[in-house]
There are 2 protein chains.
Amino acid sequence: MNAISDEIKEDYNFISDSLVDIYDQIMRIEESEIKKSRFKDITAKELHLVHTIGLHDHKTTSEVARILRLSKGTLTANLNNLERKGYISRISNQRDRRIINLALTSKGRLLYRAHYAFHRKLVEQCLKGFDGSDIKKMKQALMNVEDFIGEVSGR
Amino acid sequence: MNAISDEIKEDYNFISDSLVDIYDQIMRIEESEIKKSRFKDITAKELHLVHTIGLHDHKTTSEVARILRLSKGTLTANLNNLERKGYISRISNQRDRRIINLALTSKGRLLYRAHYAFHRKLVEQCLKGFDGSDIKKMKQALMNVEDFIGEVSGR
DNA sequence: CAGAATAGTTTGATATTCAAACTAATATGG
DNA sequence: CCATATTAGTTTGAATATCAAACTATTCTG
């Protein structure tokens, strides 16, 4: 193995180590930042659930459970909490009365946007000083990861 | 706002959205991949703990609790589980007998390496087709994120 | 229309987490 | 050297989260 591939190997190790640790810290910071705001009663998991419910999708309970890989019972419990705290509302579906569609309340939408703004700030910091072609590379890297995830988890 | 910065804005949105979703999927895949191997009794959280304990560091219980931001009681419970399953061992410190140093058993080290190999595969897939300067950019982006995390969490 | 299938909730058991009390050992300072 | 404070880790009890299975209500299907 020559000097160049040794260097690449080291870079790979650096990137791999870095990734392993960063995510957990980001989750923690998301939660602590959100607790500094007016949304003190929200955990990282709930933030994630609010993000999944989304601004305007009106997804069903089952859809959200599938996306987050939670059992239906667990999701019901989580939704009860978020509803009690005033972040979401359940909308019963008139065309199929078995179905409950989920929506964010105005408070929930504020939380969603605050969370999104945090992520945008993170991305902006991450790509500070990058030009257009650098950013394309980053996109490519993320799409590669998505492909990898798709392959491993059987699409 | 002109066309170029609109495009950058879109790229930022893409990257931001992508990041929000990818991590959770990676955690899930890590766990499901590890469950396909001989290490069927390991959860993603335990994988994370094994990674933190590390191959040769012999960290103390308190150090690990601080790194993972777990209470000491929670960590004791987690360590009991991993010890029972044969992945870690507690080494009582002769110089200060209050201290317990943590080590992976040989089974634990095998798990560590399997997990690390998965991450390396992920990074290799992610950087497929990238040259040396692209990889430098990726490192820079990750260091920027680490800086951001440092700033927000007060170093 | 009867039975199968689906959406969501409830239930009961198990697991996770935390903070506080506790035990044992070491450090401190008078 | 001793009394006290501090530190490391465990135990305990309460709160919370999670799951699978049973259940209810509704819709689909043959």
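This tour goes through a predicted model in stops, and each stop suggests what to select in the viewer and says what is found there.

**The two protein chains**

Begin by colouring chain A and chain B separately, and look at how the two copies are related. A rotation of 180°, with 0.0 Å of shift along its axis, superposes chain A on chain B with an RMSD of 0.1 Å. That is the relation of a two-fold axis. Both copies use the same surface, since 100% of the contact residues of chain A recur in chain B.

**DNA strand C**

Next, select DNA strand C together with the residues around it, which number 20. Which of these residues come nearest to DNA strand C? They are Ser62, Lys72, Thr76 and Ile100 of chain A, along with Thr74(B). Of the atoms of DNA strand C that come within 4 Å of the protein, sugar and phosphate account for 72%.

Zoom in on Ser62(A), where a polar side-chain atom lies 2.4 Å from a phosphate oxygen of DNA strand C. Then move to Ile100(A), where a polar atom of the backbone is 2.8 Å from a phosphate oxygen of the strand. For a contact with a base, select Arg98(A), which has an N or O atom of its side chain 3.1 Å from a base oxygen of DNA strand C. To see which elements surround these places, show helix H3 (61-68) and helix H4 (72-84) of chain A and helix H4 (72-84) of chain B, which are the elements that give two or more residues to the surface near DNA strand C. If you colour that surface by residue class, you will find three nonpolar, nine polar and eight charged residues.

**DNA strand D**

Now select DNA strand D, which has 19 residues around it, with Thr74(A), Arg98(A), Ser62(B), Lys72(B) and Ile100(B) coming nearest. Among the atoms of DNA strand D within 4 Å of the protein, 71% belong to sugar or phosphate, while the rest belong to bases.

Two residues of chain A are worth showing as sticks here. A polar side-chain atom of Lys45(A) lies 3.0 Å from a phosphate oxygen of DNA strand D, and a polar side-chain atom of Asn78(A) lies 3.5 Å from a phosphate oxygen of this strand. On chain B, select Arg98(B), where a polar side-chain atom lies 3.0 Å from a base oxygen of DNA strand D. The elements that give two or more residues to this surface are H4 of chain A together with helix H3 (61-68) and H4 of chain B. By class, the residues of the surface near DNA strand D divide into three nonpolar, nine polar and seven charged.

**The largest pocket**

Leave the DNA strands and turn to the largest pocket, which holds about 1300 Å³ of space. Select Asp24(A), Met27(A), Lys45(A), Met27(B) and Lys45(B), which lie nearest its centre among the 34 residues of the lining. Two or more residues of this lining come from each of H1, H2 and H4 of chain A and from H1, helix H2 (44-53) and H4 of chain B. The largest share, seven residues, comes from H1(A). The lining of this pocket has twelve nonpolar, ten polar and twelve charged residues.

**The enclosed spaces**

Finally, switch on a display of internal cavities, if your viewer offers one. Rolling a probe the size of a water molecule over the atoms shows where empty space is left. How many cavities of 30 Å³ or more does the structure hold? There are two of them.

The largest cavity contains about 790 Å³ of space. To find its centre, select Leu19(A), Tyr23(A), Leu19(B), Ile22(B) and Tyr23(B), which are the closest to it of the 38 lining residues. By class, the lining of the largest cavity consists of 29 nonpolar, seven polar and two charged residues. Helices from both chains supply at least two residues each, including helix H1 (3-36) and helix H5 (106-126) of chain A and the helices H1 (3-36) and H5 (106-126) of chain B.

The second largest cavity contains about 50 Å³ of space. Its lining is made by Phe130, Asp134, Lys137 and Met138 of chain A and by Phe130, Asp134, Lys137 and Met138 of chain B. Show H6 of chain A and H6 of chain B to see the elements that give two or more residues to this lining. The lining of the second largest cavity has four nonpolar, no polar and four charged residues.

Methods:
Residues numbered from 1 in each chain as written. Chains lettered and ligands numbered in written order. Predicted model: local features only at pLDDT ≥ 70, side-chain atom pairs only at ≥ 80, totals over all residues. Heavy atoms only, no water. Near = heavy atom within 4 Å. Polar contact = N/O pair within 3.5 Å; in protein donor to acceptor, adjacent residues only side chain to side chain. Helix = DSSP H or I, 4+ residues; strand = E, 2+ residues; numbered from the N terminus. Nonpolar A, V, L, I, M, F, W, Y, C, P; charged D, E, K, R; others polar. 1 Å grid on protein atoms, 1.4 Å probe; cavity = no way out; pocket = protein on both sides within 12 Å on 5 of 7 lines; lining within 4 Å. Points joined across faces, edges and corners; volume = space filled by probe spheres on them. Least-squares fit on C-alpha atoms with pLDDT ≥ 70 in both. Contact = heavy atoms within 4.5 Å.
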